[in-house]
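Biologist: I'd love to walk through this one with you. Could you bring it up on the screen, so we can go over some charged pairs and strands together?

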Amino acid sequence: MAESAAELAENTTLVVDQPASQPSNPNVTHRTPEELVAKAIAPVKREFLSPPPSRTNQNDTDVSDANAKASQSSVVAKEKKSKRQLKRERRQKSALHLCPEVAKTEDVSSCAYGDKCRFSHDIEALKAEKPADLEGKCPFSTGDGPCPYGLACRFYGTHEDGVKGNSTNVLGKNSEINGLNKDVQKLLWKNKMKFPKADAKLKSLGLMGPGNSKFKRQDDGEVDQKSANDSHVTNENGCGDVASNLADKLECSLEVPTEENANGIITTDDIRPLKRVKSITEEKQCSGFSILEKDLENSCPGAKLEITSDGALTETDGSLKTHPREKKLIDFRGKLYLAPLTTVGNLPFRRVCKVLGADITCGEMAMCTNLLQGQASEWALLRRHSSEDLFGVQVCGAYPDTVARTVELIDQECMVDFIDINMGCPIDIVVNRGAGSSLLTKPMRMKSVINAASGTVDKPITVKVRTGYFEGKNRIDSLIEDIGNWGANAVTIHGRSRQQRYSKLADWDYIYQCARKAPESLQVLGNGDIFSYTDWNKRKSDCPELSSCMIARGALIKPWIFTEIKGQRHWDISSGERLDILKDYVRFGLEHWGSDTKGVETTRHFLLEWLSYTCRYIPVGLLDILPQQINWRPPSYYGRDDLETLMASDSAADWIRISEILLGKVPDGFTFAPKHKSNAYDRAENG
């Protein structure tokens, strides 16, 4: 080791063309980068390629792997428990399941349920069984209030001494909205939630028969009581402040400006239709109704209110009604749209993409039936962070009534900029229920769903579709004009059929064909295989009629694609910068899911899900041809395990290889990408 590293570097140049660790074989033909690209193999430079394993060793490895999997499966089979047993274990009080109120305040008397609480109140038992704290600081240490998880926090050692209390104004919760109100959830559980707007629209479209009507009327002309969705805002006299709320929502201005704000929302009219239906019973109960009429006449002289025979409060002045063209529209042109991604497109991941340059974000796909049943896990998919300035939610339903009522419920309880209806999901469990891609085979059902949703709320309604259901039988080109006439403001076309799933490349020529056929009022977005700024530029230049492109798997593999598109360059990102991105994701995940044991495990679970995509990225410096395409299969090249093998070798050629790495001839970051998905999980588990 007395020789200098420079001498090793001089010897390095002699073996760059022919790797020393790979024996020369005259029968082996080295393919050119162009030939590799034609076969969808990433053209990684030869000096980074690992030698293929020997056949005998491979067979032995396969046998050992099979035995290991067999033994592991037997262990799993023995440890598998029934649902009843798991439920029974959840009911049992465990010291690790400390009451949240007790953990936060460190006071046993702070729990309102006392002995009836289903959580443990034994603080000393928790301290004895709790695992050691994790390295790092508590993610809530920078907030104004104390950590909401208190003793249960896995970073409890970093808490300031003596900081206790019951403040809920913590950093993570203040920055998130669209939570499910408990009163609304109870109404959904009891099936007592009323949807006047959706039912009125469904009735006008002839999609709701008399037996399905939510407003059951008696023969004597009486109308039903106040809507159940208003019951949780009533005052002591049993009469909610409906008059004042209605007056605020009926305020209108004589001037109707048309402008576009910074977020790309085009506002063409500030007037909004009535938010809820008012009955004659409410008029008798609320004496403030006459005052409302006078205020409305003073503010809008042309507006008049009439009580119809069915008890609904309507407007007689047609100028107050919102025309579909007067809705708040979103201009998607030139904006970077992060696609709604099931499982991995969670709130922490969207925050990472916002930091890296995404303009529009959308929540994960939520099933309409689950939302209407008040499932908390499904409503969690609608949560929005304060950094998401242009945010939408995606819903999936099979029938117009469920979609319309879901849309009305989201409009009432959540703050969103647009609502996307999924008509392209290829998952079997969704398609078998008549939703997702199944709607592509039922154009009249598509029409009913879009008509009902767009007529229920004044927010923009967008649609996500695929080219068709069966491969080779595209049909969106024949429906694109109708989709715009049915009430959709934008449509995203995924360039694959349902039968293709994610195999083969997206058919962008067909997307261009649909974009050229679309009416001017309908914005068309393309989706599929956007993996670099050159892909983005090509799609936009080939078809100017295309408003924008949705980025999905490209953002999962390399979320800095938004930075590349805005900077118009290939970013040779280093491993340190990628590690910082993962650190940000972990911090965002702990703020979102919690810093207790459950929150840490949830963050770890979704981090591993994301790492199964990031392992497909190949650093820029390793490629002979740029840019990397999304369908390239990365060959094996030197990773962390390979470097450790070389360092354990006594061969001079291997040490020359190490000198290449240590002298910086291998780009920084090459050790990050593992060779396969399971390796990503193993390395994440081992730190």
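Biologist: Which residues are linked with D428 and R498 in a network of salt bridges?

Modeller: Happy to start there, with the reminder that this is a predicted model. Side chains of opposite charge can pair when their charged atoms come close. Here D428 and R498 belong to a network of salt bridges, and the residue that joins them in it is R501.

Biologist: Nice. How many salt bridges does the structure hold?

Modeller: One of them connects D331 and R333, with the closest N and O atoms 2.6 Å apart. Another connects R350 and E388, where the closest N and O atoms are 2.7 Å apart. The total for the structure is 21.

Biologist: Looking at D331 and R333, which residue counts as exposed?

Modeller: Buried means under 20% relative accessible area, and exposed means over 50%. D331 has 7% relative accessibility, so it counts as buried. At 55% relative accessibility, the one that counts as exposed is R333.

Biologist: And the salt bridge between R350 and E388: how many residues apart are the two?

Modeller: The closest N and O atoms of R350 and E388 lie 2.7 Å apart. This pair links distant parts of the chain: R350 sits in helix α13, and E388 in the loop between β9 and β10. R350 is buried at a relative accessible area of 2%, and E388 is also buried, at 2%. Along the chain, their separation is 38 residues.

Biologist: Which residue forms a salt bridge with D529?

Modeller: D529 lies in the loop between β14 and α21, and its partner is in the loop between β13 and α20, 33 residues apart. Both residues are buried. The closest N and O atoms are 2.6 Å apart, and the partner is R496.

Biologist: Let's turn to β13. Are its residues buried or exposed?

Modeller: In a regular strand the side chains alternate between the two faces of the sheet. In β13, A490, T492 and H494 point one way, while V491 and I493 point the other way. Of the 5 residues in this strand, 5 are buried.

Biologist: Which residue in β13 is the bridge partner of R466?

Modeller: Strands β12 and β13 pair in the parallel sense, over 5 bridges. Between them the chain passes through helix α19 in a right-handed β-α-β crossover. The bridge partner of R466 is H494.

Biologist: Last one: which residue in β14 stands opposite T492?

Modeller: β13 and β14 run parallel and are joined by 5 bridges. Opposite T492 in β14 stands L525.

Key. Residues are numbered from 1 along each chain as its sequence is written. This is a predicted model: local features need pLDDT of at least 70, side-chain atom pairs count only at pLDDT 80 or more; totals for chains, interfaces and linings use all residues. Side-chain values use heavy atoms; hydrogens and water are left out. Buried means under 20% relative accessible area, exposed over 50%, partly exposed in between (1.4 Å probe, protein chains only). Helices (H or I, at least four residues) and strands (E, at least two) are DSSP runs, numbered from the N terminus. Two strands pair if DSSP finds at least two bridges between them. A crossover is right-handed if, with the strands pointing away from the viewer, the path from the first strand over the helix to the second runs clockwise. A salt bridge is a side-chain nitrogen of Lys or Arg within 4 Å of a carboxyl oxygen of Asp or Glu.
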